[in-house]
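Visitor: Please take me through one part of this model in close detail. I would like to see how a single helix sits among its neighbours.

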Amino acid sequence: MTVTIGRRELLVALGGAAAWPLAAQAQQAAMPVIGFLSLSRDVYRLRAFRQGLKDAGFIEGENVAIEYRWADDQIDRLPALATELARRQVAVIATIGGVSPAFAAKAATTTIPIVFLAGEDPVKLGLVSSLARPGGNLTGINFLSNELAAKRLELLRELVAGAIRIAVLVDPVTANEATLRDAGAAARAMGLQIQVLTAGTIREIDGAFATLVNERADALFVGPGPFLIDRRVQLALLAVLHRVPAIYQDRLNTEAGGLMSYGGSLGDAWRQVGAYTGRILKGAKPADLPVVQSSKFELVINASTARMLGITVPDKLLVAADEVIE
């Protein structure tokens, strides 16, 4: 059987076919776009951020797109990256890596919603008006990284009996007065002596270890910051090489061979940022979403590293630990 298609029918058919790409483009254009601004290229926890989005009903590539901007630990790049996202007119900007990305995004736009992950009090810093009613176009998660300095020192002293001289290593780019103030106050209350060392490059980390060895430090307190997480393998190797017990904020340091870490769960915090981002995509306003205080904390001990250092971990710490790495 032969079917004859007239010229008019053919034109209509071709016209419909030509419209298919246009329809696909329109559907793609309707997909909301998230701007993701991070100080450090921490891809390890993107899964947690995406899980938070998924919990809110959004899956990257299916019903939401994400524009990633990484500053690679260079704070001076943040303003330009934030401006790019603002000009892109993304639906919401999620900022990771402390307060610097949040402030860069805040300076770039007063209208696009911003969800931040901060390790300092966002009210004192002026990011939001209050925790309960942030106001403006920002809200987010307060990670409580600085407030735990005293607890880390207590754990370090409990693990390393007789430790008096404590070296405190911080990244000068992201270090803040609160970290040093809290660590100093806690050390004085415990009768500890601290020496602050700074390192923002690989060579400076080597130099810091040379200094703490020469000064005969009993233990090492590693401050917060993306750079000191990125250099976790170097830090763990040097600590074992020089037989220096160390405590960190992030479990990634302990998983890389560090002795012990205590701090809020960054993975859980990233998930919460994703969940808040999803709620805003659904129509919630940042001004009406209270800043969430991160409440999940993790004590992780690397028993293998303890044995290499000749340290016997007290049973009390082993029982209290969320995870013991063998």
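Guide: The buried residues of H10 pack against three strands, E6, E8 and E9. They also pack against three helices: H8, H9 (226–230) and H11 (251–255). This is a predicted model. H10 itself spans residues 232–241. Its buried residues are Arg232, Gln234, Leu235, Ala236, Leu238 and Ala239. Residues three or four places apart on an α-helix point the same way, because there are 3.6 residues a turn. Within H10, Leu235 and Ala239 are both buried, as are Leu235 and Leu238. After the helix comes Arg243, with a positive phi near 55°.

Now the strands. E8 (residues 219–222) and E9 (residues 246–248) pair in the parallel sense, over two bridges. Leu220 stands opposite Ala246 of E9. Both strands belong to an open sheet of seven, ordered E7-E6-E8-E9-E10-E12-E13. The pairing in this sheet is mixed. Its edges are E7 (193–198) and E13 (323–325), and each pairs on one side only. On average, neighbouring strands are turned by 20° against each other, direction ignored.

Other helices lie across this sheet. H8 (residues 202–214), a packing partner of H10, crosses E6, E7 and E8. H8 runs at about 155° to E7. H6 (residues 149–159) lies across E6 (165–170), E8, E9, E10 (260–264) and E12 (297–302). Its angle to E10 is about 160°.

Conventions:
Residues numbered from 1 in each chain as written. Predicted model: local features only at pLDDT ≥ 70, side-chain atom pairs only at ≥ 80, totals over all residues. Heavy atoms only, no water. Pairing = 2+ DSSP bridges. Helix = DSSP H or I, 4+ residues; strand = E, 2+ residues; numbered from the N terminus. Axes fitted to C-alpha atoms, helices over the stretch in contact; angles between N-to-C directions. Contact = heavy atoms within 4.5 Å. Buried < 20%, exposed > 50% of the residue type's maximum accessible area, 1.4 Å probe, protein only.
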